[in-house]
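Visitor: Before we start, could you take me through this protein by way of questions, with the reasoning set out behind each answer?

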Amino acid sequence: MHSPGRTFCCDPASVCHFSCILRLFYNASFQLLFAEAGVQTNGKKRNQVLKIGHGGTLDSAATGVLVVGIGKGTKMLGTMLSGSKKYTAIGMLGKATDTLDATGKVTEEKPYDQVTKGDLENVLQKFTGDIMQVPPLYSALKKDGERLSTLMKRGEAVEAKPARPVRVYSLSLQQFQPPLFTLDVECGGGFYVRSLVNDIGKELSTCATVQELTRTKQGPFTLEEHALQEDKWTIDEIAQSLEHCTALLLGEPARKKLKTEHPGETAVVCGDK
């Protein structure tokens, strides 16, 4: 389920390649991108400041949508991305790892032959709606200013965070070919698909871990509509992509409410100051 190639503003690898992207900005046409980002230049200064930020961490082994804000867009990330997120996850029954995904060390193996498609579908109902979830130890959550995953890699003892409320709008089984199963998940913020798959394994009296994870939607941005493939990482293509996405901002520099798919949720975009 991985998307082909890397994508600007959509693949987490793009964050790791910011240095390459930034070098593109300083060619003969860099003013075009700066203008799209709301940064004024006079063409004389050699060092122009262009702020770039991403709209939330994505598992290092995952692919998919990671929204990147450029220039004035960095101020909008929090409100623009307050809607739901969607994921496609491939899980594997019978194995558990310390990271709850395929990158970790196997910590447990159990038989899974007794699990049927019906069993799995029934279990999913228990993880839909408002539920309590314990975050993974390997995560971006912090203790004393450092990520838990960093502390774990250093071999330091880390206690699990307490269960916290999360929301799952929809959860469905797309494919079941034991030991593999594919899920589509739509959830709110603070939700970990790795924890979900781990909990599903336990509920089925076995264990399970994530093999592949793809974020297909973050806020109003989707992998299908807003991804820019790596072969189109040029100044003109990036600028055109940014211009296309401005339709999501409703165009007016005033406070607006963006429609969301779920009642009671709104995303407010603040006008420029």
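**Helix 7, the core and the charged pairs**

Visitor: Is helix 7 largely enclosed or largely exposed?
Guide: This is a predicted model, and the reasoning here rests on burial, which requires a relative accessible area under 20%. Of the 11 residues of helix 7, 8 are buried, including Val 193, Leu 196, Ile 200 and Gly 201. With that count, helix 7 is, in relation to the rest of the structure, largely enclosed.

Visitor: Which elements do the buried residues of helix 7 pack against?
Guide: The buried residues of the helix include polar and charged side chains, among them Arg 194, Ser 195 and Asn 198. The partners of these buried residues are one helix and several strands, namely helix 5, strand 5, strand 8 (129-133), strand 11, strand 12 and strand 13.

Visitor: Which element gives the largest share of the largest nonpolar core?
Guide: The largest nonpolar core has 29 residues, and Leu 171, Phe 181, Leu 183, Val 185, Phe 191, Leu 196 and Ile 200 are those with the most contacts inside it. Two or more residues of this core come from each of strand 5 (85-93), helix 5 (117-124), strand 11 (164-177), strand 12 (180-187), helix 7 (193-203) and strand 13 (208-218). The largest share, 5 residues, is given by strand 11.

Visitor: How many residues are in the other core, the one with Val 67 and Met 80?
Guide: This other core lies apart from the largest nonpolar core. Besides Val 67 and Met 80, its members include Phe 221 and Leu 223, and the size of this core comes to 8 residues.

Visitor: Which residues does Val 185 touch, leaving out those up to four places away in sequence?
Guide: Val 185 is one of the residues with the most contacts inside the largest nonpolar core. Once residues up to four places away in sequence are not counted, the residues that Val 185 touches are Lys 85, Lys 86, Tyr 87, Val 168, Ser 170, Leu 171, Phe 191 and Leu 196.

Visitor: Where in the chain is Asp 59, which pairs with Arg 194?
Guide: Arg 194 is buried, with a relative accessible area of 4%, and forms a salt bridge with Asp 59, their closest N and O atoms being 2.7 Å apart. The pair links distant parts of the chain, 135 residues apart, with Arg 194 in helix 7 and Asp 59 in the loop between strand 2 (52-54) and strand 3 (63-64).

Visitor: Is Asp 130 buried or exposed?
Guide: The side chain of Asp 130 meets that of Arg 167 in a salt bridge, at 2.8 Å from N to O. This pair joins strand 8, which holds Asp 130, to strand 11, which holds Arg 167, across 37 residues. Arg 167 is partly exposed at 37%, whereas Asp 130, with a relative accessibility of 60%, counts as exposed.

Visitor: How many disulfides are there in the protein?
Guide: A disulfide is a covalent bond between the sulfur atoms of two cysteines. Cys 187 is buried at 0% relative accessibility, and Cys 207 is likewise buried, at 3%. Under a cut-off of 2.5 Å between cysteine sulfur atoms, the count of disulfides is 0.

Visitor: What share of the residues of the protein count as buried?
Guide: The secondary structure comes to 9 helices and 17 strands, and the accessible surface comes to about 14800 Å², of which 50% belongs to carbon and sulfur atoms. Of the 273 residues, the share that count as buried is 42%.

Notes:
Residues are numbered from 1 along each chain as its sequence is written. This is a predicted model: local features need pLDDT of at least 70, side-chain atom pairs count only at pLDDT 80 or more; totals for chains, interfaces and linings use all residues. Side-chain values use heavy atoms; hydrogens and water are left out. A nonpolar core is a set of buried Ala, Val, Leu, Ile, Met, Phe, Trp, Tyr and Cys residues joined through side-chain atoms within 4.5 Å. Buried means under 20% relative accessible area, exposed over 50%, partly exposed in between (1.4 Å probe, protein chains only). Helices (H or I, at least four residues) and strands (E, at least two) are DSSP runs, numbered from the N terminus. Contact means heavy atoms within 4.5 Å. Accessible areas come from the Shrake-Rupley method with a 1.4 Å probe; for residues, only the protein chains shown count as cover. A salt bridge is a side-chain nitrogen of Lys or Arg within 4 Å of a carboxyl oxygen of Asp or Glu.
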